[in-house]
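Q: Please take one part of this model and examine it closely, beginning with the question of covalent links between sulfur atoms. A connected explanation suited to a first-year student would be appreciated.

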Amino acid sequence: MAETPPPNDGTSGIGRNFRDAAGPSPTHKSKLPAQLRAATRKLKAERERDAEGQGRAGKGATAGPSDGRPARKPRRKRRAPAANPRATVHRWFKSKGWRSFEFQEEVWAAYLNGESGLVHAATGTGKTYAAWLGPVLEWLRGYPDAERARRGIRSAPLRVLWITPLRALAADTVAALKAPVEDLGLPWTVESRTGDTPAKQRARQRVRLPTALVTTPESLSLLLARADSRELFRDLACVVVDEWHELLATKRGTQVELCLARLRHLAPGVRTWGLSATLGNLDIARDALLGVDGAGRTNPGRLVRGLVPKALEVDALIPETIERFPWSGQIGLTLLPRVLAAVEEGRTALVFTNTRATAEIWYRAMTSSGVPWADRIAIHHGSLDRRQRDRVEQGLRTGALRCVVCTSSLDLGVDFTPVDRVLQVGSPKGAARLVQRAGRSGHQPGAVSRVTCVPTNALELVDVAAVRDALAAGAIESRPPVERPLDVLAQHAVTVALGGGFRADELLAEVRSTRAYRDLTDEEWAWTLDFITRGGETLRAYPEYARAVADDDGTYRVANRMVALRHRLSIGTIVSESALKVRYLTGGSLGSVEETFLARLRAGDRFVFAGKVLEFVRIRDMTAWVKKATSPDGAVPRWSGARMPLSPELAEAVRIKLDEARRGVYAAPEMRAVRPILELQRDWSRLPAPDEFLIERLASREGHHLFFYPVEGRLVHEGLAALFAYRLAQLAPLSFTLAANDYGFELLSPDEPPLEAALDAGLLSSAHLVHDIPASLNAAELARRQFREIARVAGLVFQGYPGRDKSVKQLQASSGLLYDVFARYDPDNLLLQQARREVLERQLERSRLGRTLERVSRSRVLVTDIERATPLAFPLIVDRAREQVSSEKLADRVRRMTPQLERDARGGSRRGRA
């Protein structure tokens, strides 16, 4: 069964008006065409006949009220279901032109059997209704009894909780869930509750929640913080976690695990189903979703794989001419005409970029290109104003837009009409991300999803060929869950203390029923309780850190109203750099930009945002006031967005493609295009085999260069560069300048480093990493920055009341002071230890770094002395220069560097000395 009907009239998608098939509400009947009114009457007559056939309809009506009010017209009973509720659902499918799939039928049967599980299927193949129609079928099965038991109640109480990672998904999800409810005449209400929910609807939900509630992890935690939370979730039968793969490897995923454990305590027997796509470690994802029992064994649950074939085509725009010395941004916008031509192949297109800055650059280039549909191009990324993003999404639904340039803000299931073309600017970086984005085209079963990659430098063509092979081999990235973050646990404990209170031993058992905290020690739990009741050893003298208080009976509650208010305002684990609103002097909001960027601007400086060149005026009241620039000259082209590294799976696929090139195999069109580059690399140096590790050594006017090529991704290379520099400096007093990209890294020093001696002394060893990595970096400063996030989540730092947010400097000062106090007076503080651990794991990928060292230490090391920069070394030199000069001067400098290299390449200079 597809989540979207076949595109027989140019429209499709969950956001479509599903009410047409069921008929409108009676209040609008007079405005409908006669044909539709007749169809509505016919459908109602069929329902009545079905009910009479079961002997459950036409038994009379309830008497009118006896309090003097006029008697109401006898109300016809809701129809009873057919003997087989599944046949009812199948008829509804048929009315939509759909058919159910085997995996959906499996999920429905498992749900009706009381089971939980994880559904893994491609985007657009019916996961939503696989999870949703289980509860619907259950209601239909017990409908007559439920109706008699609840006579006079307008809607059923909360039965289904639907957790979505993005507020933007809530409206589309509500529309999808309402369709069968309204068409089948269920006495259910379906609503959302997020940060965007209107105050009037929130007030109504404080009295009574709908039958099905679509919400976010943060809003769910707020509901659990209500004193009547036990009553709220008393009738809960099902929890669905949508896009579980997006939450799994984050602290929000840990927050969801804790919330699910709480819901299982409040509503024993509740079933849990997760929906996921593009995920490698499915077993772990299922285990994290379902939790563990008292013995630490994973709770039973199904892993249902959607077997609907979803064809995926990956191709690339290959430049007509490719320089043999690539660098990041080398190709740039030279492929713009071909991108515009690709967009013109269909009615709608999405152009994905990896950073917001790249999105801004491409949006301006496309709208300034002179194409006749330039006014139907839009931009979409997370920093733009919510209303602007809503307009863009609506434009995609209605077909008013021809093209949207976007970032990961459109990766997930914001529903709109399936687009005809998807383009990816820059390296895909990972197979899962590319599959997710490609699924935006052909967003229905049986349709082909196609994505066209647009390289920004020549070596990214190798990435494209590699990702195609990775997809063919099923090498989808895994996302490991976060293990035992105590800041999230402390926040959750205060939430439960607000939501009716807890006893320590009972909540400990509940927390240990999650996969994330299954190994939580008694000492860690005791520390957490002490932390939320007294602030720990160091802060016990400050009453504001005593948030929970134990009653005489041992129940922990929050007694202080201000503590309760501040906690509710701080619930959640999303901690991003503080941003300032960007507004015109004449009024109108554009979105928000990081405060650290805006703080560097002076009055009159220009920058690009929301596709416009703006002139900075001033900062006042946490707002950056701007005006339209009269000239684009001198505009800052990049204002945010870090470059993502290659995933482990794609990095391995790239190493395989380089080995094929070493053996002279150039099967893919992208590899044939970069063949001159790779053959020159082989001639001047080496192309390493899988069991070889290449190190290039070069002496130039700048100094002594060492180029290392693990091909493991940027983050790993940044950590390795610092580690190798540290270990080399232990043998000789040297200072290094570092540069790194996805293929390797460079160490530049004024004097020749003792490479051979360092190799003999264990340069590539994975031993002593716990000591060497912190020593090689400013680990204390990195931990201090990471502690700011932890302090906010744990409740040590309050970000401020709505409209009065604290600045970055204020938050840094508060968290920095706490960090210094803990480091001096409480060095064993568990939050300090967590900060250090998260720096190593999240920012430096220590575990992946260790695996890389183990791999290269087993390899045959190829130390090659080169006479000039090779095609693999050249982009590292350019990246280092990029940090020293502006982008305009950088292009001029590169143009001065390449002619001599090209002359040497044409002259057939010999290979380096090994």
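**Cysteines and their sheet**

A: The structure holds zero disulfides. In general terms, a disulfide is a covalent bond that joins the sulfur atoms of two cysteines. The model examined here is a predicted one. Why does cysteine 403 form no such bond? Its closest cysteine sulfur belongs to cysteine 406 and lies 8.3 Å away, which is too far for a bond, because a disulfide requires sulfur atoms within 2.5 Å. Cysteine 403 is also buried, its relative accessible area being 0%. Cysteine 453 is buried as well, with a relative accessible area of 1%.

The surroundings of these cysteines may now be considered. Strand S11 covers residues 403-406, and strand S13 covers residues 449-454. These strands belong to an open sheet of six strands, arranged in the order S8-S13-S12-S9-S11-S10 and paired in parallel. The edges are occupied by strand S8 (312-316) and strand S10 (377-380); each has a single partner strand, so one side of each lacks a neighbour in the sheet. On average, and with direction ignored, neighbouring strands of this sheet are turned by 20° against each other. As a general principle, the strands of a sheet pair through backbone hydrogen bonds, in either a parallel or an antiparallel manner.

The pairing of S10 with S11 shows the arrangement in detail. These two strands run parallel and are joined by four bridges. Within that pairing, alanine 378 has valine 404 of S11 as its bridge partner.

Helices lie across this sheet. Helix H17 (residues 431-438) crosses S8, strand S9 (349-352), strand S12 (421-425) and S13, and runs at about 120° to S13. Helix H18 (residues 460-472) lies across S8 and S13, at about 165° to S8.

Another open sheet offers a useful parallel for study. It is built from seven strands in the order S3-S4-S2-S5-S6-S1-S7, with parallel pairing. Strand S3 (190-193) and strand S7 (302-305) stand at its edges with a single partner strand each, so one side of each remains without a neighbour in the sheet. From one strand to the next, the twist averages 20°. Strand S2 (residues 160-163) is paired in the parallel sense with strand S4 (residues 212-215) over four bridges, and valine 160 stands opposite alanine 212 in S4. Helix H4 (residues 102-112) packs on this sheet, where it touches strand S1 (117-120), strand S5 (238-241), strand S6 (271-276) and S7, and its direction makes about 160° with that of S7. Helix H12 (residues 251-266) likewise packs on the sheet, touching S2, S5 and S6, with a direction at about 170° to that of S5.

Finally, the confidence of the prediction deserves attention. The mean pLDDT of the protein is 81, and 79% of its residues reach 70 or more. Residues 1-40 have a pLDDT below 50, although this stretch has 78 contacts in the model beyond near neighbours in sequence. Residues 148-153 also stay under 50, and the model gives them five contacts beyond four places in sequence. Where pLDDT is low, the predicted coordinates should not be read in detail.

Key. Residues numbered from 1 in each chain as written. Predicted model: local features only at pLDDT ≥ 70, side-chain atom pairs only at ≥ 80, totals over all residues. Heavy atoms only, no water. Pairing = 2+ DSSP bridges. Axes fitted to C-alpha atoms, helices over the stretch in contact; angles between N-to-C directions. Contact = heavy atoms within 4.5 Å. Buried < 20%, exposed > 50% of the residue type's maximum accessible area, 1.4 Å probe, protein only. pLDDT = per-residue confidence, 0-100.
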